[in-house]
Amino acid sequence: MQIGIDQIGFYTPNKYVDMVDLAHARNEDPNKYLIGIGQSQMSVADQTQDAVSMGINATQSYLSQIDREQVGLLVFGTESGVDQSKSASLFVKSALNLPPEVRTFEVKEACFGMTAGVMIARDYVRLHPHHSAIVIGSDLARYGIATAGEVTQGAGSVSLLIKAQPRILTLNDGHSAFSQDINDFWRPNNSATALVDGKYSTQVYLDFFQRTFTDYQKLKNWQTSDFAALIYHLPFTKMGLKANRLAIANQDEATSSRLAANFTAGAQYGRVVGNIYTASLYLSLLSLLENGSLTDNALVGLFSYGSGAMGEFFSGRTVTDYQKMLNPMATQKLLNRRQKLTIPEYEQIFTTALSDPVDDLILVSDEAKGYWYFSGTKNHIRQYRQK
Ligand code: HMG
């Protein structure tokens, strides 16, 4: 039985910062951000968009096309959780009217959280082939104003429907995982922004990629040249580019140009959205599928990395006519609808969004009709509304 991705939903907030503007404001050469980091824009969430509302918005984009009674599992991967106890997924379940029988919870291991959910979902569907599973990754990447990490911020969510006989990507059996207790990036409970040992984190990322990619090739008895595309968790596109360069070193011309071209296709959306932590790898997948040129049954390798740290390499194959399940024009529309912020506007919105509003204050969102948003707390209970 084939199990894999049948639907992909994506949401990013309606505001962004242009990296050239940010570079000027920080007295940096714009090429450092555009080329050295590889980012052109980053999405910015105001106080009305949090991990929950973004996850609802990403999931509702495909909900009318699925049998919601069949959904038996809902997993929410995030490191921007809104509560220390209650799962973000329960708010989603309630907003989207999913069946009460659904098993639902939140998982955390930095940016690896969504991949953990995908693997749980794959095994769940294997045991319950008549059920499907929704896996959401949703995050706000926040380092702080004028920090080295600022240029690698972002906000957004990707939601996947995992089921038997999927119509986008089948997931191959097997994976290679590597974990180590290190401190490259973390966010203490009393901090709204992440702490990071930036240079060290980039070294560990590449080390974990090489280990897991090598182990995976041994496990499957595959070569680099067997892959049509390799995609990566993209904290910023230059990070993935460095990993891809390692992968294609010493490969034949056809392999290296194919993997380089598909890397660029997979990085297109991340370049303008920024880091969305758990969902970044799956935004790369969407970007590759919508902007690359893959044949049917193309082998796609996926590298997931979560600081702290956990790395995993796995793969999938495109399903015949997978293009029919995608809507690149809708993705472009979502990106193009975003309003460009001046740097003072961004700084003000960013700073306000670091803390929750006082209890009972009703927030008003400037999102378009139909989108969900966080409207404040009532008796310290989070409220979500649809425009
Ligand atoms: P920095 O110190 O500002 O930048 O920090 P830099 O001085 O290292 O420069 C960056 C690159 O720009 C360099 O290229 C420069 O040469 C180049 P590289 O050597 O890397 O190839 N450069 C220029 N290029 C063209 N024209 C110019 C120019 N000037 C310089 N004029 C850093 C960069 C990424 C460390 C920082 O932004 C940061 O700390 N970011 C956050 C941490 C991060 O994203 N780490 C990635 C790996 S960890 C991960 O992926 C997990 C994560 O997603 C969290 C999770 O798991 O939950 C973060």
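The expected span of a helix is taken as 1.5 Å times one less than its number of residues. In this predicted model, helix 9, which covers residues 280-291, can be read against that rule: with twelve residues, the helix reaches 16 Å from its first C-alpha to its last, close to the 16 Å expected.

The surroundings of helix 9 come next. Counting a residue as buried when its relative accessible area is under 20%, eleven of the twelve residues of helix 9 are buried, and the helix is therefore largely enclosed by the rest of the structure. Among these buried residues are Leu-281, Leu-283, Leu-285, Leu-286, Leu-288 and Leu-289, together with Tyr-282, while Ser-280, Ser-284, Ser-287 and Glu-290 are also on the buried list.

Helix 9 belongs to a chain that holds eleven helices and 17 strands. For a chain of 387 residues, a compact globule would have a radius of gyration near 21 Å, and because the chain has 20 Å, its value agrees with that expectation. Along its principal axes, the C-alpha trace spans about 60 × 55 × 40 Å, and 60% of the 387 residues count as buried.

The contacts and the surface complete the picture. Of the contacts in the chain with a separation of 6 or more, 74% are accounted for by residues 24 or more positions apart. The chain exposes about 15,800 Å², of which carbon and sulfur atoms supply 49%. As for charge, the chain carries 34 positive and 37 negative charges, and the mean positions of these two sets are 3 Å apart.

Notes
Residues are numbered from 1 along each chain as its sequence is written. This is a predicted model: local features need pLDDT of at least 70, side-chain atom pairs count only at pLDDT 80 or more; totals for chains, interfaces and linings use all residues. Side-chain values use heavy atoms; hydrogens and water are left out. Helices (H or I, at least four residues) and strands (E, at least two) are DSSP runs, numbered from the N terminus. The radius of gyration is taken over C-alpha atoms; the globule rule is 2.2 Å times the number of residues to the power 0.38. Buried means under 20% relative accessible area, exposed over 50%, partly exposed in between (1.4 Å probe, protein chains only). Contact means heavy atoms within 4.5 Å. Accessible areas come from the Shrake-Rupley method with a 1.4 Å probe; for residues, only the protein chains shown count as cover. Lys and Arg count as positive and Asp and Glu as negative; His and the chain ends are not counted. The place of a charge is taken as NZ of Lys, CZ of Arg, CG of Asp or CD of Glu.
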